[in-house]
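Please open the model in your viewer and keep the sequence panel beside it. The tour below goes from one selection to the next and says what is found at each stop.

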Amino acid sequence: QVQLVESGGGLVQAGGSLRLSCAASTRTFSRYAMGWFRQAPGKEREFVAAISRSIGRTNYVDSVKGRFTISRDNAKNTVYLQMTSLKPEDTAVYYCAAEFSLIRDPGYVSSFEETYGYWGQGTQVTVSS
């Protein structure tokens, strides 16, 4: 079992920045591809960004490209989401997710929530206009 705990959410004005963190309770963090998803009020959860277990391959939803950056520190068992130029439409609960991917290519990333077996509780991000 892998437990994921997000932090770093909060209230920020449009144009501002936040950095989300997700700490994983596993000694084999480097075997997991990681993703960030979000769910706005009244909407379905959507993919935001993903990063491979190694070699740093990333993928982003078009709406955050150039503004958000996903990264990971395998020594700290943590994945990050640096968010800049935030917009009111970025307001959502942000979830961290992990997929065991040791048997897959080191550069494997997934934008499909069905492939992720472990989820955090989420952290609220609110962007005011």
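Select R38 to begin, a residue of strand β4, where strands (E, at least two residues) and helices (H or I, at least four) are DSSP runs numbered from the N terminus. R38 is buried, with a relative accessible area of 5%; buried means under 20% relative accessible area, exposed over 50%, and partly exposed in between, with a 1.4 Å probe and protein chains only. The model is a predicted one, in which local features need pLDDT of at least 70 and side-chain atom pairs count only at pLDDT 80 or more, while totals for chains, interfaces and linings use all residues. Residues are numbered from 1 along each chain as its sequence is written, and side-chain values use heavy atoms, with hydrogens and water left out.

Keep R38 on screen and display its side-chain partners. One polar contact, of 2.9 Å, joins the side chains of R38 and Y94, and another, of 3.0 Å, links the side chain of R38 to that of D90. A polar contact here is a pair of N or O atoms within 3.5 Å; within protein, one atom must be able to donate a hydrogen and the other to accept it, and residues adjacent in sequence count only if both atoms are side-chain atoms. If neighbours within four places in sequence are set aside, the residues in contact with R38 include E44, R45, E46, V48, S63, V64 and F68, as well as A92 and V93, contact meaning heavy atoms within 4.5 Å.

Move next to D90, which sits in the loop between β8 (78-83) and β9 (92-100). Is D90 buried or exposed? D90 is buried, with a relative accessible area of 1%. Besides its polar contact with R38 (3.0 Å), the side chain of D90 has a polar contact of 2.7 Å with the side chain of R67. Not counting residues up to four places away in sequence, D90 touches R38, R67, F68, S85, V125 and V127.

From there, select A49 in strand β5, a buried residue with a relative accessible area of 0%. With neighbours within four places in sequence left aside, A49 is in contact with M34, G35, W36, N59, Y60, I70 and L81. Add C96 to the selection: the C-alpha atoms of A49 and C96 are separated by 9.7 Å, although the two residues are 47 apart along the chain.

The next stop is F29, in the loop between β3 (18-24) and β4 (32-39). F29 is buried, with a relative accessible area of 2%, and, not counting residues up to four places away in sequence, F29 touches A24, M34, R72, D73, N74, N77, T78 and V79. Now draw a line from F29 to S17, which are 12 residues apart in sequence and 27 Å apart in space, C-alpha to C-alpha. N77, one of the residues that F29 touches, is worth its own selection; N77 is found in the loop between β7 (68-73) and β8 and has a positive phi of about 55° although it is not a glycine.

For a second backbone angle of this kind, go to I55, in the loop between β5 (46-51) and β6 (58-60). Phi of I55 is near 60°, a positive value in a residue other than glycine, and I55 is exposed, with a relative accessible area of 66%.

Then select V5 in strand β1 (residues 4-7), which counts as exposed at 53% relative accessibility. V5 touches S21, C22 and A23 when residues up to four places away in sequence are not counted. The C-alpha atoms of V5 and G122 are 7.7 Å apart, with their positions 117 residues apart along the chain.

Finally, clear the selections and look at the whole protein. How many helices and strands make up its secondary structure? There are zero helices and 11 strands. The radius of gyration, taken over C-alpha atoms, is 14 Å, close to the 14 Å that the globule rule gives for 129 residues, so the protein is as compact as a globular protein of that length; the globule rule is 2.2 Å times the number of residues to the power 0.38. Along the principal axes, the C-alpha atoms fill a box of roughly 45 × 25 × 25 Å. Of the 129 residues, 45% count as buried, and among contacts between residues at least 6 apart in sequence, 63% join residues at least 24 apart.
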